[in-house]
Amino acid sequence: MAPGSVGLAFRAGRLTATLPAGVHAFWNGEGQVRVVPVDLREQAADVAGQEIMTADKVTLRLNAVVTYRVADPVKAVTEVEGYVQALYRQAQLALRAVVGTRELDVLLSDKDGVAAELVGILKASVAPFGIEVGAVGIRDVILPGEMKDILNRVTEARKAAEATLITRREETDAMRSHANTARIFESNPTLMRLRELEVLEKVAETSNLSVILGDGGLADRVIKLL
């Protein structure tokens, strides 16, 4: 037997010994002995291609992986026929139970929550078989082609709506800023005059125009032009 394994020795259908890893010999006169090797190391089981319907009636395919180890080799061999297959069947049932109670959006956005619930269900269901579940991971969620197109359109529309909302918020903030600035200038003529001088300075730097102001100021000149 390989390292990390044990062997269960059966004689006449009865368990007679648990053998550690290594080489073992038996006397012929003791009758026929059958040794069932059990690997005690952590292993992974793929649960592939499960077609499941969500709570909102979307049929999808799931690929999951379950990590486990045999904690009690005697139970694993004597309590169930084929403990790996038993684990696989329980994982299928757990997936259907968990995914079937969730809508698609919730499932896609909360894979960690789905995996955590799966671990809890699987641990309880395979413990009588001497199996200890370590983790469950959702590897792939495969959607029908038409559902992919719908989700892509929904995602694009959502992004466009978010971009429009951001633009409107920026425009609103800019308008509020301009309104606040106008109120400040209205209540403080000296500050308004300084602002006019800044504008004139920029005009003089970028053009050959000569601007002559009277007593009214730049604001009055603009109003008159309009």
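This is a short talk on the fold, the nonpolar core, the one cavity and the salt bridges of the structure shown above.

Let me say at the outset that this is a predicted model, and that everything I describe is computed from its atoms. The protein has seven helices and six strands, and if we follow the chain from the N terminus, the elements come in the order β-β-β-β-β-α-α-α-α-β-α-α-α. Of the 226 residues in the protein, 24% are buried. As for the contacts, if we take those between residues at least 6 apart in sequence, 61% of them join residues that are at least 24 apart.

Let me turn to the interior. The largest nonpolar core has 38 residues, and the members that touch the most other members are Val66, Tyr83, Leu87, Leu95, Leu118 and Leu122. Several elements give two or more residues to this core, and they include strand 1 (5-11), strand 3 (33-39), strand 4 (43-53) and strand 5 on the one hand, and helix 2, helix 3 (104-109) and helix 4 on the other, together with strand 6 (131-142). Helix 2 gives the most, with eight residues.

I would like to dwell for a moment on Leu95, one of those well-connected core members. Which residues does Leu95 touch, once we set aside those up to four places away in sequence? They are Val47, Gln50, Ile52, Leu62, Ala64, Gly100, Leu118 and Ile138.

Leu95 also leads us to the cavity, since Leu95 is among the residues that line it. A search of the whole structure finds one cavity of 30 Å³ or more, and about 30 Å³ of space lies within it. Its lining is made up of Val47, Ala64, Val66, Ala91, Leu95, Leu118, Leu122 and Val136, and the elements that give two or more residues to that lining are strand 5 (59-70), helix 2 (83-99) and helix 4 (111-126). In terms of class, the lining has eight nonpolar residues, with no polar and no charged ones.

Now to the charged side chains. In general, side chains of opposite charge can pair when their charged atoms come close. How many salt bridges does the structure hold? There are five, and I will go through three pairs in turn.

In one pair, the side chains of Asp39 and Arg41 meet with a distance of 2.8 Å from N to O. Asp39 counts as buried because its relative accessible area is 18%, which is under the 20% cut-off, whereas Arg41, at 47% relative accessibility, counts as partly exposed.

Another pair is formed by Arg61 and Glu51, whose side chains meet at 2.9 Å, again from N to O. This salt bridge links distant parts of the chain, with Arg61 in strand 5 and Glu51 in strand 4, 10 residues apart. Both partners are partly exposed, Arg61 at 34% relative accessibility and Glu51 at 44%.

The last pair I will describe is Arg102 with Glu117, where the closest N and O atoms are 2.9 Å apart. Arg102 lies in the loop between helix 2 and helix 3, while Glu117 lies in helix 4, so this salt bridge ties together parts that are 15 residues apart in sequence. Here the arginine is the buried partner, with Arg102 at a relative accessible area of 15%, whereas Glu117, at 33%, counts as partly exposed.

Note on methods: Residues numbered from 1 in each chain as written. Predicted model: local features only at pLDDT ≥ 70, side-chain atom pairs only at ≥ 80, totals over all residues. Heavy atoms only, no water. 1 Å grid on protein atoms, 1.4 Å probe; cavity = no way out; pocket = protein on both sides within 12 Å on 5 of 7 lines; lining within 4 Å. Points joined across faces, edges and corners; volume = space filled by probe spheres on them. Helix = DSSP H or I, 4+ residues; strand = E, 2+ residues; numbered from the N terminus. Nonpolar A, V, L, I, M, F, W, Y, C, P; charged D, E, K, R; others polar. Core = buried A, V, L, I, M, F, W, Y, C linked by side-chain atoms within 4.5 Å. Buried < 20%, exposed > 50% of the residue type's maximum accessible area, 1.4 Å probe, protein only. Contact = heavy atoms within 4.5 Å. Salt bridge = Lys/Arg side-chain N within 4 Å of Asp/Glu carboxyl O.
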